[in-house]
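This report introduces a protein to a reader who has not met it before. The sequence and structure are shown first, and the description follows.

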Amino acid sequence: MNTKFKKLNLPILSFSILLLVLLGASCSKEKNKTIAYNSPETIPVSRKMIAELTSPPNVPKPTGKRKAKNLIVNMEILEKEGEMTDGVKYVYWTFGGTVPGSFIRTKIGDEIEFHLKNHPDNKLPHNIDLHAVTGPGGGATSSFISPGHEAKFSFKVLNPGLYVYHCATAPVGMHIANGMYGLILVEPEEGLPDVDKEYYVMQGDFYTKGGNGDRGLQPFDMKKAVNEDADYVVFNGKVGSLTGDNAITANVGETVRLYVGNGGPNLVSSFHVIGEIFDAVYVEGGNFINKNVQTTLIPAGGAAIVEFKVDVPGTFILVDHSIFRAFNKGALGMLKVQGDENKTIYSGKQEEGIYQPEGGGIQEMPIEKGVVNTEGIATTFEEKMEYGKATYMQTCFACHQAEGQGIPNAFPPLAKSDYLNENLNRAIDIILNGKTGEITVNGEKYNSVMTKQDLTNEEISNVLTYVYNSWGNSKKEVTPAMVMSRRNIH
Ligand code: HEC
Ligand SMILES: [Cu+2]
């Protein structure tokens, strides 16, 4: 009857109270006493069972009402090359072939018979330290094995919660930095409450010889790791593991539970989902439940369970809210929610007006479809370039950068952009309507969002003329009439 998950304490509490009443004890006095705590080490195990292990972002089936078992975990260590991001290779060291390693799902009282296999093709010895283990090194010394060998050790899980496991072979930091971590869940006796969707997300920081985006096979950089100067901070082992087609999904009205871990080795995570509020957070993966949380801190070598109901459709972005990590180092994932809009909860953009601090109130934008703002109309090519540059520096610069060079993995370049130069109408459309979905610019894939730009036909013709006549582009001139005709299509 050991149940540390707070949510599930109620029935046990009422049961104990009932017992006390039956025994004739004074209920009001006894309420404050601690509940009798049956040692979980005395929980009997019924049978042998092979543990289901899953790769991220999936988790094994809930343990539900099953009794404690002799649970056999077969975990294989693989050192293998993978892709950190497009064009960047990295040799990962893995538990089960993925970063993070296979998810292990257990129930309190389970006796885990752990078989750790070090593949013969591997180059190094490894071991495992599971934070769910009560015992020296969390199993590390008992599980130390060379390539081509298998180690076996057993432990009983005594504390419900979500725990990190990792390799603890020297240099420990390097083994973790190369991806040797994962999560093990210990469910309480009754299991966790039912939800519609469950996913496995784990953050990690990576250190490469070259800088972020430098191509080719990148070796681990010990000096940067010691200085905690990460080149990549990512979810599930690589940039884009949870974006675009890899996004996790849910339907409007469903409850979502994320098992979120942080392997580190160095950085703590300020885990946040843009556009959602966590209804419940099992703080640090333990039994304390906090409600209505915006951002939860996940320490290196720690975890949290977050739960929320998705009420409206859209793409919800998972980030480490140390926000440069999200937009510049990869710590960005997506939850795509499908279903009907709910305008009571979220209206979408209802109106946009001119803001006049002097108190002019909100007015209509003077740039309704095709209506040209008569001020500042360029009459010569030079004027177009001048006005276009001004608009560029006001509107486009933040993302596409001063020289149109863009930002690797986030904002595509406009300088010498094959994509831009290939199709003028498409470029106009992008500014009028925005752009989402995967595109390839100069051989690099981008899968992000450009919002539509509220500019007049005149401004769009100027800014595009400026872009086409700068940075080695194809020198096209765009007129307001051309923009107007694209506007009328939509
Ligand atoms: C908030 C950031 C942001 C701003 C501001 C922005 N863009 Fe973009 N732009 C993007 C992103 C992101 C993409 C790629 C979208 C995708 O992946 O589908 C993109 C794509 C493009 C493309 C097609 C790809 C290429 O590189 O040729 C063009 C052209 C473009 N933007 C022009 C502009 C112009 C001109 C402006 C200013 C009027 C502008 N953008 C403002 C983020 C931005
Ligand atoms: Cu290792």
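In which sense do strand β16 and β19 pair, and over how many bridges? The model is predicted, and in it β16, which spans residues 269-274, pairs with β19 in the antiparallel sense over 4 bridges. Ser-270 stands opposite Leu-297 of β19.

Both strands belong to an open sheet of 5 strands, whose order is β14-β22-β21-β16-β19 and whose pairing is mixed. At the edges of this sheet lie β14 (248-251) and β19 (295-298), each of which pairs on one side only. On average, neighbouring strands of the sheet are turned by 20° against each other, direction ignored.

The protein as a whole contains 11 helices and 26 strands. Of its 490 residues, 40% are buried. Among the contacts with a separation of 6 or more, 69% join residues that are 24 or more positions apart.

A further feature is the surroundings of ligand 1. Its shell consists of 28 residues, and the closest are Cys-396, Cys-399, Pro-412, Leu-420 and Met-450. The elements that each give two or more residues to this shell are listed below.

| Element | Residue range |
|---|---|
| α7 | 381-400 |
| α8 | 418-422 |
| α9 | 424-433 |
| β25 | 435-441 |
| β26 | 444-450 |
| α10 | 457-468 |

How is the shell around ligand 1 divided by class? The shell has 19 nonpolar residues, 8 polar residues and 1 charged residue.

How values were computed. Residues numbered from 1 in each chain as written. Chains lettered and ligands numbered in written order. Predicted model: local features only at pLDDT ≥ 70, side-chain atom pairs only at ≥ 80, totals over all residues. Near = placed C-beta within 6 Å. Nonpolar A, V, L, I, M, F, W, Y, C, P; charged D, E, K, R; others polar. Pairing = 2+ DSSP bridges. Axes fitted to C-alpha atoms, helices over the stretch in contact; angles between N-to-C directions. Buried ≥ 20, exposed ≤ 12 C-beta atoms within 10 Å, placed from the backbone. Contact = placed C-beta atoms within 7 Å.
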